Amino acid sequence: MTGALTGRQEQALKEFRAFTDRHIAPHADTWHRTQRTPPEVIRLLADEGLLGIHVAREYGGQGCDAVTLGLLAGELGRGCSSVRSLLTVHSMVAHAVARWGSRELKQETLPRLARGERVAALAVSEPGAGSDAAAVTTRVERDGDAYVVTGHKKWITYGESADVFLVVGRSAEGPTALLIDRDTPGLTTELIEDMIGIRASMTAHVRLDGCRVPAGRLLARPGLGVSHVVGAALDLGRYTVGWGCVGILDAALEASVDYAGRREQFGSLLKDHQLVRRLISDMYTQAHAARLMCLEAGRLRDERDPGALAATSTAKYFAATAAGRAATDAVQLHGANGCSS
């Protein structure tokens, strides 16, 4: 990485790595088993300024560049993908508010998100609508100076612990996005347990039963909830997920190299077997390529280059595919130990 980053970015990477090694990686297995992210961990992220790292300084955040945000997502992803997903969804909502919220909504919401006083979740997916955000059936009806929201959201990352939700539904004008507080009457959540991955992400059902939301909590105008609000949020989400997959690649590589250097089979260490060397070489190559693609996407985002959107999607696709392959190969390399708890 030397020469690929600025001095400030190199220093930030060292700090993110040290933070992850001390506070995240040693505990990730416990969080995975208990299917919870302890509140004190979220508080620690907030106290370190990491939840507001991408929020503009005028609203109390660090206003970091896209590359630095990616480096943080990568290190958190190396330690615990669930914690990385918290950074992802929280940053997605903050980004959408900064881009499409009114001046009053920004001033009210962003400082609290930047300080981590409130944790945000993106509530788009439904039992019958996943990637196709335009297919949501949640109803948004105007009633005087408020909107009434009724529907069922599912697979909402950190939905069980979030304080505020960016909810997308359908109004008479089309897809509509609103910020809804957890304590709004009619809003309830239910934890989804026993997922095969990101088990500590406290993913939940979010049910909205006639939730009355002030009109000032609207993002953009009705009809632009998917094309503008969700579009902006998902673009940032793809970027941090791509970097998180770089972290998974790094973790799979580190675990595999360590195990292959200790485990003996047929009188020699695993690392001396040709097939094992090939698997590890492939992991290293894929990790290096994924990192370079994510770095390029980050630079284009910082330069506001029109090609950033395509570069982000490409990097995320490549990194995610490579991470899945590396994780599978790591299990294979660990043999029966890779299949145990």
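In the predicted model, the second largest cavity is lined by Gln 35, Leu 191, Ile 192, Glu 193, Asp 194, Met 195, Arg 199, Met 202 and Thr 203. Four of these lining residues are nonpolar, two are polar and three are charged. The volume of this second largest cavity is about 30 Å³. The structure contains two cavities of 30 Å³ or more.

The largest cavity has a volume of about 70 Å³. Twelve residues form its lining, and those nearest the centre are Leu 13, Glu 75, Trp 243, Asp 250 and Arg 291. Helices α1 (7-24), α4 and α7 are the elements that contribute two or more residues to this lining. By class, the lining of the largest cavity comprises five nonpolar, three polar and four charged residues. Glu 75, one of the residues nearest the centre of the largest cavity, also belongs to a network of salt bridges with Arg 17, Asp 21 and Arg 78.

The largest pocket encloses about 1100 Å³ of space. Its lining is made up of 28 residues, of which Asp 29, His 32, Ile 248, Ala 251 and Ala 327 are the closest to the centre. At least two lining residues come from each of α2 (28-34), α4 (66-79), α5 (81-100), α7 (225-260) and α9 (308-334). The most is given by α7, which supplies five residues to the lining of the largest pocket. The lining of the largest pocket divides into 13 nonpolar, eleven polar and four charged residues. Helices α4 and α7 are thus named both for the largest pocket and for the largest cavity.

Across the whole structure, 19 salt bridges were found. One of the pairs is Arg 118 and Asp 181, whose side chains meet with an N to O distance of 2.9 Å. Distant parts of the chain are linked by this pair, with Arg 118 in the loop between α6 (103-114) and β1 (120-123) and Asp 181 in strand β5 (residues 174-181), 63 residues apart. Both Arg 118 and Asp 181 are buried.

Asp 181 also takes part in a polar contact of 2.7 Å with the side chain of Arg 217, made through the Asp 181 side chain. Arg 217 is located in the loop between β7 and β8 (218-219). With a relative accessible area of 7%, Arg 217 falls under the 20% cut-off and is therefore classed as buried. A further polar contact, of 2.9 Å, is formed between the side chains of Arg 217 and Glu 108. When neighbours within four places in sequence are left aside, the residues in contact with Arg 217 are Leu 105, Glu 108, Thr 109, Arg 118, Val 164, Ala 177, Leu 178, Leu 179 and Asp 181. Both members of the buried salt bridge, Arg 118 and Asp 181, are included in this list of contacts.

Arg 118 is likewise touched by Leu 113, a residue of helix α6. The relative accessible area of Leu 113 is 1%, so this residue counts as buried. Not counting residues up to four places away in sequence, Leu 113 touches Leu 51, His 90, Ala 94, Arg 118, Ala 120 and Val 164. Val 164 appears among the contacts of Leu 113 and also among those of Arg 217. Between Leu 113 and Gly 151, the C-alpha to C-alpha distance is 25 Å, with a sequence separation of 38 residues.

Two further salt bridges involve strand β7. In one, Arg 212 pairs with Asp 145, and the closest N and O atoms are 3.8 Å apart. This pair joins distant parts of the chain, 67 residues apart, with Arg 212 in strand β7 (residues 204-214) and Asp 145 in the loop between β2 (139-143) and β3 (146-156). Arg 212 has a relative accessibility of 43% and so counts as partly exposed, whereas Asp 145, at 59%, counts as exposed.

In the other, Glu 190 pairs with Arg 207, with the closest N and O atoms 3.0 Å apart. Here too distant parts of the chain are linked, since Glu 190 is in strand β6 (residues 187-191) and Arg 207 in strand β7, 17 residues apart. Glu 190 is partly exposed at 41% relative accessibility, and Arg 207 is also partly exposed, with a relative accessible area of 33%.

Conventions
Residues numbered from 1 in each chain as written. Predicted model: local features only at pLDDT ≥ 70, side-chain atom pairs only at ≥ 80, totals over all residues. Heavy atoms only, no water. Salt bridge = Lys/Arg side-chain N within 4 Å of Asp/Glu carboxyl O. Helix = DSSP H or I, 4+ residues; strand = E, 2+ residues; numbered from the N terminus. Buried < 20%, exposed > 50% of the residue type's maximum accessible area, 1.4 Å probe, protein only. 1 Å grid on protein atoms, 1.4 Å probe; cavity = no way out; pocket = protein on both sides within 12 Å on 5 of 7 lines; lining within 4 Å. Points joined across faces, edges and corners; volume = space filled by probe spheres on them. Nonpolar A, V, L, I, M, F, W, Y, C, P; charged D, E, K, R; others polar. Polar contact = N/O pair within 3.5 Å; in protein donor to acceptor, adjacent residues only side chain to side chain. Contact = heavy atoms within 4.5 Å.
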